[in-house]
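Colleague: Could you walk me through one part of this model, the interface of chain A and chain B? I would enjoy a close look at how the two chains touch.

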Amino acid sequence: MALDASSRARFNLEKASILLLDDTAMGMSILVQIVTGLGAKQLYRCNAYEMAQEVAQTHEIDLAIVDALAPSGQGYDFVQWLRRETQEPNCYAPVLITTAHTPTSDIVRARDAGGHFIIKKPLAPVVLLERIVWVARASRPFLFTGSYVGPDRRFRDDGPPDGVGRRREDLVKAEAEAKAQAEGEAQPEAEAPPERSTG
Amino acid sequence: MPGGLPVAEAVERAQANLESIKPTCSAELLALLELCEAGYATLGDGFDDSALEGLYAIAVKGIGAGEVCGAPPVDIALTSFCDLLDHLRTLRRFDRAAVGVHVQAWRLLMSPGVPKAGAEQILDGLLKVRARFAAEAAAAAKSDAA
């Protein structure tokens, strides 16, 4: 779902409480300029994991935009903590994870953190807005498993691959074929056409 | 009167806000570059994981600022640099030339008035260097898994 940057559709972030986590002054500044431009007013600016934890424990948040905090990757830890350790409604809060670069060793950590989206830097205002709108509209079910807590990661419904039927239909077809074959093997003569006499 | 903002106006305001921090952003990106050059100058000849981690920590902080400063190729160069450092750390190897060319490219791409074709040529070179180490890292991962 691409958002048209010239669209006249309206949205309102004025009353949303937004937690921002970024440990660099420049990164935070870029983020603040974008979200305030998009109309957000109530921001909790956190430059460290612990500060973000404190905010999440003491304030209700409607959205969190969390940098991965490379190279430590503490941003992922924060999202995991938010999902597992905070009270409702914060544990269900929409989370956008921003990342400048993901080292190979952190790919699984990023996938399993429990964020709604991962956005690669540089951040473009229209992309950030698109993700905010998307996360607000789509209601992805939450999963609670031993190794993962967060929104269902299987959220794209592209339909069956080109030229391939649905698995359920394949199963019905296969069952019908197997049944026909079994019946055919049991009564071969009954199925065979009668031989004509040529004599 | 409906509340909120039309998408077009919000995006325009956000862009204008980013424009207002361009000078600060450029100064901070330049400071990071100087730190990186100083770190590169102190590198020895052998593999030094903590030194490469230090360079990574500097380069990764710059990604995203290039776009705001009006130098988007810097973001691409820094991403390539971070990829390279990640591969070198995985391979536990050091390649002075590969690291050096990224640091020099960062400096060149920060210079005002770099022609588009020149920037593309620089990036092309960096991506080739990165790809070489990416292939080696992938091969090493494959043989580890086997």
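Modeller: Happy to; here is the interface, taken from its extent down to one strand pairing. This is a predicted model, in which local features need pLDDT of at least 70 and side-chain atom pairs count only at pLDDT 80 or more, while totals for chains, interfaces and linings use all residues. Residues are numbered from 1 along each chain as its sequence is written, chains are lettered from A in the order in which they are written, and side-chain values use heavy atoms, with hydrogens and water left out.

Counting heavy atoms within 4.5 Å as contact, 34 residues of chain A meet 35 residues of chain B. The two chains bury about 2900 Å² between them, 65% of it on carbon and sulfur atoms; this is the accessible area (1.4 Å probe) lost on being put together, summed over both. On the side of chain A, the most area is lost by R10(A), M26(A) and H101(A), together 25% of what that side buries.

Three elements of chain A each give two or more residues to this side: β1 (10-11), α1 (25-37) and α5 (125-137). Helices (H or I, at least four residues) and strands (E, at least two) are DSSP runs, numbered from the N terminus. The most comes from α1(A), with 8 residues.

As for β1(A), 2 bridges join it to β1 of chain B (residues 5-6), and the strands run antiparallel; DSSP must find at least two bridges for strands to pair. Here F11(A) stands opposite L5(B).
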